[in-house]
Amino acid sequence: MNAYDEYMKSIVKPMREELVQTGFTELTTADEVEDTMKSIDGTALIVINSVCGCAAGLARPAVREALQAAESSPEHLLTVFAGQDKEATAMMRSYFPEVPPSSPSIAVWKDGALAYFIPREQIENFEMEQIKDHLTGALEQVCAK
């Protein structure tokens, strides 16, 4: 591993941990993504995490707060890290080819299909509270029992 890779790993570590500590399973390889997505039943919240400044810095706390606020929660919490775990991210994106690649972004998965998607454009330049409310509504709509 070169010095740049080592430097980037140290920078993204707290960004990864922010979601993992919230209960997300981090998928770092294409095989992990494929195995998980093939075996998943019910609903999942999938966060394509990112280093990208303001948008990612808003997305992670908004996701945490939406999970606390929503009356209906997904059964699975998954994350991949764009720009760091490239193969895992590409594999995850292959499960929702109808949307252009976007990071950070948030997907709500239900019964083997993409049910809702929040791209970077709906994260960047929005207040954290707005993103939280948007995601809370999506979770309540898709994950209602």
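Helices and strands here are DSSP runs, numbered from the N terminus, with at least four residues for a helix and at least two for a strand. The structure is a predicted model. On that numbering, Asp111 falls in the loop between strand 4 and strand 5 (113-118).

Asp111 is a handy place to start with the backbone. Most residues other than glycine have a negative phi, and most peptide bonds are trans. Asp111 goes the other way on phi, with a positive value of about 50 degrees although it is not a glycine. With a relative accessibility of 60%, Asp111 counts as exposed, because the cut-off for that class is over 50%. Asn125 also has a positive phi, about 70 degrees, and is not a glycine either. This residue, Asn125, sits in the loop between strand 5 and helix 5 (128-143), and its relative accessible area of 77% makes it exposed.

The peptide bond from Ser103 to Pro104 is another backbone oddity: it is cis, with omega near -5 degrees. Pro104 belongs to the loop between helix 4 (86-93) and strand 4 (105-110). Although Pro104 is in a loop, it is buried, with just 2% relative accessible area. Leaving aside residues up to four places away in sequence, Pro104 touches Ile48, Ser50, Cys52, Ala55, Ala56, Ala59, Pro119, Arg120 and Ile123. Pro104 and Ile118 are 14 residues apart in sequence, and their C-alpha atoms are 9.0 Å apart in space.

Turning to charged pairs, the structure holds nine salt bridges. One of them stays inside a single helix: Lys13 pairs with Glu17, the closest N and O atoms being 3.6 Å apart. Both residues, Lys13 and Glu17, lie in helix 1 (residues 3-20), four residues apart, or about one turn of the helix. Lys13 is partly exposed at 48% relative accessible area, and Glu17 is partly exposed as well, at 32%.

Glu18 has partners in another helix. Its side chain meets that of Arg60 in a salt bridge, with 2.9 Å from N to O. Arg60 lies in helix 3 (residues 53-69) and Glu18 in helix 1, so this pair ties together parts that are 42 residues apart in sequence. Glu18 also forms a salt bridge with Arg64, at 2.5 Å from N to O. Arg64 is in helix 3 too, so the bridge to Glu18 of helix 1 links parts that are 46 residues apart in sequence. As for accessibility, Arg60 is buried at 7%, whereas Glu18 is partly exposed at 23% and Arg64 is partly exposed at 29%. Elsewhere in the list of charged groups, salt bridges that share partners join Arg16, Glu26 and Asp85 into one network.

What about the two helices that Glu18 bridges? Two packed helices are described by the angle between their axes and the distance between the axes. Helix 1 and helix 3 pack at an angle of about 15 degrees, with their axes 10 Å apart. That makes helix 1 roughly parallel to helix 3, because angles under 35 degrees fall in that class. The crossing of helix 1 and helix 3 is left-handed. Met15, Glu18 and Leu19 of helix 1 make the contact with Arg60, Pro61, Val63 and Arg64 of helix 3. By type, the residues of this contact between helix 1 and helix 3 divide into four nonpolar, no polar and three charged.

Key
Residues are numbered from 1 along each chain as its sequence is written. This is a predicted model: local features need pLDDT of at least 70, side-chain atom pairs count only at pLDDT 80 or more; totals for chains, interfaces and linings use all residues. Side-chain values use heavy atoms; hydrogens and water are left out. Buried means under 20% relative accessible area, exposed over 50%, partly exposed in between (1.4 Å probe, protein chains only). Contact means heavy atoms within 4.5 Å. A salt bridge is a side-chain nitrogen of Lys or Arg within 4 Å of a carboxyl oxygen of Asp or Glu. Axes are lines fitted to C-alpha atoms, for helices over the stretch in contact, and angles run from 0 to 180 degrees between N-to-C directions. Angles under 35 degrees count as roughly parallel, over 145 as roughly antiparallel, 65 to 115 as roughly perpendicular and the rest as oblique. A crossing is left-handed if the near helix is turned anticlockwise from the far one by less than a right angle, and right-handed if clockwise. Ala, Val, Leu, Ile, Met, Phe, Trp, Tyr, Cys and Pro count as nonpolar, Asp, Glu, Lys and Arg as charged, and the others, Gly among them, as polar.
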